[in-house]
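Here is a report on a protein model, written for use at the bench. Keep the sequence and the 3D view open while reading.

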Amino acid sequence: MFRLSTLLGLPAYKYRLFGRAFIMVGVVRIGLWVLPFNLLRRLVLRLVQGSARRETVASIAWAVRAASRRTPCATCLTQALAAHILLANAGHHSRVEIGVAKDERGCFEAHAWTVCEGAVVVGGIELNRYAPLMTWAGEALLEPTLMEMRPR
């Protein structure tokens, strides 16, 4: 549970960034529950606008992870999309990648993560297990045959 002392101890800029991340994670989570993905994708594109805010990639990643821990059912896709929006709003170019794999029982699983400036900033767990399915970079939704295939 979020400790009030932790919240009160944050510098003002981190407090505001956490608040924006918390709202964005919630909006994306609700959107994934109630909207078709293509409609949500169009709405996300409208939310992605440059701003005067220049938060660092690391501070945005921290805020999304912290907000996601306090949001019910904040899946990896929720976190990746929220981070993508906040990074774009801060002027950073990022992309959301989705990969698929089979677990030890042979069951299908998928994972989403956000890449910015050549590094995974949200969702970076055992990514070498996942075969690339698609990449979402701004307006472009790329199929695996179109995206650059690279070893992980």
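R129 is partly exposed, with a relative accessible area of 33%. This is a predicted model. The side chain of R129 meets that of E126 in a salt bridge, with 3.8 Å from N to O. E126 counts as exposed, at 54% relative accessibility. The pairing does not stand alone: salt bridges that share partners join E109, E126 and R129 into one network.

## Salt bridges

Side chains of opposite charge can pair when their charged atoms come close. The count of salt bridges here comes to five. The table lists some of them.

| Salt bridge | Closest N and O atoms | Source |
|---|---|---|
| E55 and R20 | 2.3 Å | computed from the model |
| R95 and E97 | 2.6 Å | computed from the model |
| R129 and E126 | 3.8 Å | computed from the model |

What does the pair of E55 and R20 tie together? E55 lies in the loop between α3 and α4, while R20 lies in helix α2, so the pair links parts that are 35 residues apart in sequence. The side chains of E55 and R20 are also joined by a polar contact of 2.3 Å.

Is E55 buried or exposed? E55 is buried, because its relative accessible area is 15% and the cut-off for buried is under 20%. R20 counts as partly exposed, at 22% relative accessibility. Leaving aside neighbours within four places in sequence, E55 is in contact with L17, R20, I60, A90 and H92.

The pair of R95 and E97 also joins residues of unlike exposure. R95 is partly exposed, with a relative accessible area of 27%. E97 counts as buried, at 1% relative accessibility.

E97 also has a distant partner in sequence to consider. The C-alpha atoms of E97 and L133 are separated by 7.7 Å, and the two residues are 36 residues apart along the chain. L133 is found in strand β4. L133 counts as partly exposed, at 38% relative accessibility.

## Overall fold

The secondary structure comes to five helices and five strands. Along the sequence the pattern reads α-α-α-α-α-β-β-β-β-β. The protein has 152 residues, and 41% of them count as buried.

How much of the contact set comes from residues 24 or more positions apart? Such pairs account for 64% of the contacts with a separation of 6 or more.

## Nonpolar cores

The largest nonpolar core has 33 residues. Those with the most contacts inside this core are V28, I60, V64, L81 and V121. Helices and strands both contribute. The elements that give two or more residues to this core are α2, α3 (37–47), α4 (57–69), α5 (76–89), β1 (94–102), β2 (108–116), β3 (119–122) and β4 (131–137).

Take V64 as a way into this core. Which residues does V64 contact, leaving aside its neighbours within four places in sequence? They are A21, V25, Q79, A82, A83, L86 and V122. I60 appears again here: this core residue is also in contact with E55 of the salt bridge to R20.

Apart from the largest core lies another core, of five residues. Among its members are A101, W113, L127 and Y130.

## Surface

The accessible surface of the protein comes to about 8,800 Å². Carbon and sulfur atoms hold 60% of this surface.

Which residues make a nonpolar surface patch of about 260 Å²? I23, V27 and L47 make it. I23 is found in helix α2, which spans residues 12–34. I23 is exposed, with a relative accessible area of 56%.

## Backbone in two loops

Two loop residues are worth a look for their phi angles. C73 lies in the loop between α4 and α5. Phi of C73 is near 60°, a positive value in a residue other than glycine.

E117 has its place in the loop between β2 and β3. E117 has a positive phi of about 55°, although it is not a glycine. Is E117 buried or exposed? E117 counts as exposed, at 62% relative accessibility.

Technical notes:
Residues are numbered from 1 along each chain as its sequence is written. This is a predicted model: local features need pLDDT of at least 70, side-chain atom pairs count only at pLDDT 80 or more; totals for chains, interfaces and linings use all residues. Side-chain values use heavy atoms; hydrogens and water are left out. Helices (H or I, at least four residues) and strands (E, at least two) are DSSP runs, numbered from the N terminus. Buried means under 20% relative accessible area, exposed over 50%, partly exposed in between (1.4 Å probe, protein chains only). Contact means heavy atoms within 4.5 Å. Accessible areas come from the Shrake-Rupley method with a 1.4 Å probe; for residues, only the protein chains shown count as cover. Patches are made of residues with over 30% relative accessible area and no salt bridge: like charges are joined within 9 Å, nonpolar side chains (Val, Leu, Ile, Met, Phe, Trp, Tyr) within 5 Å. A salt bridge is a side-chain nitrogen of Lys or Arg within 4 Å of a carboxyl oxygen of Asp or Glu. A nonpolar core is a set of buried Ala, Val, Leu, Ile, Met, Phe, Trp, Tyr and Cys residues joined through side-chain atoms within 4.5 Å. A polar contact is a pair of N or O atoms within 3.5 Å; within protein, one must be able to donate a hydrogen and the other to accept it, and residues adjacent in sequence count only if both atoms are side-chain atoms.
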